[in-house]
Amino acid sequence: MRVVCNGNPALRVKSLPVMSITDEIRELARRMIVTMKENELPGVGLAAPQVGINKRMIVIDTRPTGRKEKRSEKKKQLSPGEMLLNPLMPLALVNPEILSTSAETETCGEGCLSLPGVEGDVTRPARVLLRAMLLDGKEVMVECGGLLARCLQHEIDHLDGILFYDRIPKEQQEAANDIMAELAAEEAMLASAQRKV
Ligand SMILES: [Zn+2]
């Protein structure tokens, strides 16, 4: 599947809830996971609008890599969400919602498969209470921290038409504006080429 980039209208609208988990939804999840993994810079998350489909579904894989684990000297305690969901990853979450957030925040560099070349620092709550449905129809409600909490907030933003670019400091936005404009021009070209086919 093609990951759409800045300028594609699918990235800027509020996506609609998934009404029932059909074969079509399961197939979309499977293809989104392949798309997330096959990228040169493998993503840790992908939202359906990023493949041009405005449905409230995301796929995630925020399991720690061996390399990163060695680097962090003190082993951080995993949040309940990481303990529950890491063994299920890569994982699709249907109609994910954040019910509450911690007052404590963390600032961290982010990137996005839909904004290649753009980077910036985003401040987000350190922990979130997630409610979502899994593809087998089970509902999960669990407190998530670490990279999982950040990734969930980034991906659920996509479902509401929000890009991480919107949340970075003004000077970083200004530094990214040339790339944002180039991406939008490429998207416009692809869209008009598709109309002609
Ligand atoms: Zn993104």
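How many of the 197 residues of this protein count as buried? The answer is 31%. Keep in mind as you look around that this is a predicted model.

Let's start with the overall layout. There are 5 helices and 7 strands, and if you walk along the sequence they come in the order α-β-β-α-α-β-β-β-β-β-α-α. The radius of gyration is 17 Å, close to the 16 Å that the globule rule gives for 197 residues, so the protein is as compact as a globular protein of that length. If you prefer a box to a radius, the C-alpha trace spans about 50 × 45 × 30 Å along its principal axes. The chain also folds back on itself: among contacts with a separation of 6 or more, 73% link residues that sit 24 or more positions apart.

Now for the inside. The largest nonpolar core has 38 residues, and the members that touch the most others are Met57, Ile58, Val59 and Leu93. Two or more residues apiece come from helix H1 (23-38), strand E1 (45-47), strand E2 (57-60), strand E3 (91-101), strand E6 (128-133) and helix H4 (146-159). H4 makes the largest contribution, with 5 residues. To see how the pieces meet, click on Leu93: setting aside neighbours within four places in sequence, Leu93 is in contact with Met57, Ile58, Ile60 and Ala132. Met57, Ile58 and Ile60 fall in the range of E2, while Ala132 falls in that of E6.

H4 deserves a closer look. Its 14 residues should span 20 Å at 1.5 Å a residue, and its end C-alpha atoms are 21 Å apart, which agrees. The helix is mostly covered, with 10 of the 14 residues buried. Some of the buried residues are what you might pick for a core, including Leu148, Ala149, Leu152, Ile156 and Leu159. But the buried set also takes in Arg150, Gln153, His154, Glu155 and His158. Just past the end of H4, Gly161 takes a positive phi of about 75°.

For a contrast, step back to strand E7 (residues 139-144), where you'll find Met141. Is Met141 buried or exposed? A residue needs 12 or fewer C-beta neighbours within 10 Å to be called exposed, and Met141 has 11, so it counts as exposed. Its C-alpha atom is separated by 12 Å from that of Asn95, a residue 46 places away along the chain.

Notes:
Residues are numbered from 1 along each chain as its sequence is written. This is a predicted model: local features need pLDDT of at least 70, side-chain atom pairs count only at pLDDT 80 or more; totals for chains, interfaces and linings use all residues. Helices (H or I, at least four residues) and strands (E, at least two) are DSSP runs, numbered from the N terminus. The radius of gyration is taken over C-alpha atoms; the globule rule is 2.2 Å times the number of residues to the power 0.38. A residue is buried if 20 or more other C-beta atoms lie within 10 Å of its own, exposed if 12 or fewer, and partly exposed in between; C-beta atoms are placed from the backbone. Two residues are in contact if their C-beta atoms, placed from the backbone, lie within 7 Å. A nonpolar core is a set of buried Ala, Val, Leu, Ile, Met, Phe, Trp, Tyr and Cys residues joined through C-beta atoms within 7 Å. The expected span of a helix is 1.5 Å times one less than its number of residues.
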